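The following briefing is meant to be read alongside the sequence and the coordinates. It begins with a loop and then moves through the ligand sites, the aromatic contacts and a set of individual positions.

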Amino acid sequence: MITMKRIPLFHSIRWKLVVIYILLILAAMQVMGVYFIRSIESHYMNSFNEQLDIQANLLAVNLERYLDDDRIREEGSEETRNEDINHLVENLFALNGVDVQIINRNGVIISTPGKDKQLIGQKNLQTEVIQALSGARSESTRIDASTGQRMKVLATPIKRNNQVVGVIYMIASLERLYQTIGEINKILATGTGIGIVLTAAMTIFLSRTLTTPIKEITRQATRMAEGDFNQAVKVYSNDEVGYLGQVINQLSNRLKEALAINREEEDKLTSILTNMSDGVIATSRDGTIILANQRAIELLNIPSIEVAGKKLEDFFPLPDNFQFDNDQSEVAFRLFFQQGQENYVLDVVMSWFRIGESGERGIIAVLHDVTEQEKLDRERKDFVANVSHELRTPLTTLRSYLEALADGAMEDPEVAGRFLRVTQQETERMIRLVNDLLQLSRIDSGEEMMQKQVMSNQQFLKLVKERYEILDPVQQRVVWKIPEQATLITIDPDMLMRVLDNLLSNSIKYTPEDKLIEVSSQACGKNVEFIVRDEGIGIPREDLKRIFERFYRVDKARSRQLGGTGLGLSIAREIVRAHGGEIMIQSKEADGTTVRFTIPIASEEDELDA
Ligand code: ATP
Ligand code: MG
């Protein structure tokens, strides 16, 4: 089971987007803020300086004549002049927060408008003042030691006829200016903060439109991994993610089709393998079983759970020189099994094949059950051997008698007569044998045409009895139980006669003179049953199941002596089967034998035809 993984918040795309945007905004605001504040600062500073300059120049122009020594003389006293200067400066000067000192050419402060007069008369020998006294305008920025405020200092020379007659000294606090810039800075920072919060919120919202389809696609991919191809991804947009969704849907469809085809192929293969009449075992190259079909399991008679993972040689021996890793294309051999009483013969063909694209070699072993074929083969060989054997014995006898006759036995009429009778008997025997064989082969090949007619079992038994009594009028020891109730059957009387002939002759052959032989018939369900029972020597148990085989005789010597070939019962069985019936034999050694065979009761159609 594959479950969709929950991604921790700090690993999620949403989180990353939020962080990226905040950083971007911060960087942008930083760059912008620095540039903006700088330019605002320089702008304010410049205009402040400009105003100071203008004021200084204005004062300088107006004060120039007051500072002339002649003027003191005109006014009368220095005091009055200083009063005038104060008056002028106070009227002209319009800058708040700026302290002004008017200094004469000796560096002595002569006027400080708006301030206490303590400083008047003192010397101001600041660097800026000294510089201005030498004729150059001078300015600087410094931090006031007592208040810690930034101050702007400006000293402008007052000239008359190109002679420095005094200095205007101005000192202004810059704190207000920096306060304004600080406020602008604060506004900027607040703006940035609000911007960041808004961006974060918007990113979270916007990223949802990005991550929702991705989540959907991931969910579908997870379902696909679990083998569920029935659902499709909902495509939200036409962008890359939307396209990815479409592609995933196509992929899902293709996979579904491919899997269906695969499954179909697998089903086909499985049904072929299970329905095969041959066993198939596939192994890897070291002989470990990968797959075995039902038939192979049956043939090797092993529980199916034991197969997988086992080695081939755990189930049957491999040929001595067999190697798993070789270049042979095929190895064939035969296996003989014994299972209880039964013997099995399997033909095994092993071929090498390549597994998949890796090209690793594996082995396919095909097991073919040839037990039946082997049996038929053996029967055919036995049959030929039996026929040859059966014919050789009478032929050898014939030859020796004929040789004896040729060697002079012919001279003695009595011996010659006896010998000729023997040769005649042997010839008869051979003819009988050949006729039996011919009839068997005709029945086998279906050439024997039957002349069927409807008659009752009663009629038929009477017919057999009459014939028997004519053929063998002396030995009348058979008890005939002709049924009182007649049942109609469709039979070829001549053929069926052969069956009864054989059964009777067997009973007569193997039953002592004083023991009972009985022939009877009765209706039995859908069939009519014919029974030949004797109290003769019987048949040993182990011979019973083979008694219907061709040439099978219990005691070969004795049977041959009695003129038997061992074909009688097999011919009887073929004839009964050709009538749609079945023949059975019951016997107990020394107790007697009962043979019964069935013939189906004639159908109504048959009766009408008759
Ligand atoms: P054929 O019938 O061709 O003359 P056969 O009688 O020897 O030769 P089957 O009739 O096929 O051959 O019988 C096969 C064998 O079964 C016999 O050889 C005999 O050993 C045994 N057999 C058959 N019927 C009886 C019986 N009623 N009692 C004892 N043994 C029997
Ligand atoms: Mg017989």
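## Briefing on the predicted model

Lys-545 lies in the loop that runs between helix H12 (541-544) and helix H13 (556-561). The model is a predicted one, and the values quoted here are computed from it. The bullet points are grouped by topic, starting with the surroundings of that loop residue.

**The loop residue Lys-545**

- With a relative accessible area of 72%, Lys-545 is exposed, because residues count as exposed when this value is over 50%.
- Along the chain Lys-545 and Ile-585 are 40 residues apart, while their C-alpha atoms are separated by 9.0 Å.

**The magnesium ion (ligand 2)**

- The magnesium ion (ligand 2) has as its protein donors Asn-502, through ND2, and Asn-506, through OD1, and these lie 2.1 to 2.7 Å from the ion.
- Both of these residues, Asn-502 and Asn-506, belong to helix H11 (residues 493-509), where they are four residues apart, or about one turn of the helix.
- Asn-502 and Asn-506 are both buried.

**The surroundings of ligand 1**

- Around ligand 1 there are 20 residues, of which Asn-502, Asn-506, Asp-534, Thr-565 and Leu-569 come nearest; Asn-502 and Asn-506 are also the protein donors of the magnesium ion (ligand 2).
- Asn-506 places a polar side-chain atom 2.7 Å from an oxygen atom of ligand 1, and an N or O atom in the side chain of Lys-509 is 3.0 Å from an oxygen atom of ligand 1.
- On the nitrogen side of the contacts, a polar side-chain atom of Thr-593 lies 3.4 Å from a nitrogen atom of ligand 1.
- Taken alone, ligand 1 exposes 590 Å², and the protein buries 95% of that area.
- Two elements, H11 and helix H14 (568-578), are those that give two or more residues to the shell around ligand 1, and the largest share, four residues, comes from H11.

**Aromatic and ring contacts**

- Seven aromatic pairs are found when the whole structure is searched.
- Tyr-468 and Trp-480 form a tilted aromatic pair, with 6.0 Å from centre to centre and 55° between the planes.
- This pair links distant parts of the chain, since Tyr-468 sits in helix H10 (residues 457-471) and Trp-480 in strand S12 (residues 478-481), with their positions 12 residues apart in the numbering.
- Tyr-468 counts as buried at 11% relative accessibility, and Trp-480 likewise counts as buried, at 14%, because the cut-off for a buried residue is under 20% relative accessible area.
- Phe-460, Phe-530 and Phe-597 are linked by ring pairs into a cluster.
- Arg-150 lies over the face of Tyr-178, at 3.6 Å from the ring centre.

**Backbone positions with positive phi**

- Asn-301 has a positive phi of about 55° although it is not a glycine, and its place is in the loop between helix H7 (294-300) and strand S8 (330-339).
- Ala-590, which is not a glycine either, has a positive phi of about 70° and is placed in the loop between strand S16 (583-588) and strand S17 (592-600).
- At 63% relative accessibility, Ala-590 counts as exposed.

**Separations in sequence and in space**

- Ile-102 is found in strand S1 (residues 98-104), where it counts as buried at 0% relative accessibility.
- Between Ile-102 and Leu-59 there are 9.6 Å from C-alpha to C-alpha, and the two are 43 residues apart in sequence.
- Leu-405 is found in helix H8 (residues 371-406) and counts as buried, its relative accessibility being 5%.
- Leu-405 and Leu-206 are 199 residues apart in sequence, and in space they are 128 Å apart, C-alpha to C-alpha.
- Glu-90 lies in helix H3 (residues 78-92) and, at 45% relative accessibility, counts as partly exposed.
- The C-alpha atoms of Glu-90 and Pro-113 are 6.0 Å apart in space, and the residues are 23 apart in sequence.

Terms used. Residues numbered from 1 in each chain as written. Chains lettered and ligands numbered in written order. Predicted model: local features only at pLDDT ≥ 70, side-chain atom pairs only at ≥ 80, totals over all residues. Heavy atoms only, no water. Phe/Tyr/Trp six-rings, centres within 6.5 Å; stacked < 30°, edge-to-face > 60°. Buried < 20%, exposed > 50% of the residue type's maximum accessible area, 1.4 Å probe, protein only. Lys NZ or Arg CZ within 6 Å of the ring centre and 35° of its normal. Donors = N, O, S within 2.8 Å, 3.2 Å for Na, K, Ca; no water. Near = heavy atom within 4 Å. Polar contact = N/O pair within 3.5 Å; in protein donor to acceptor, adjacent residues only side chain to side chain. Areas by Shrake-Rupley, 256 points an atom, 1.4 Å probe, with all protein chains shown as cover.
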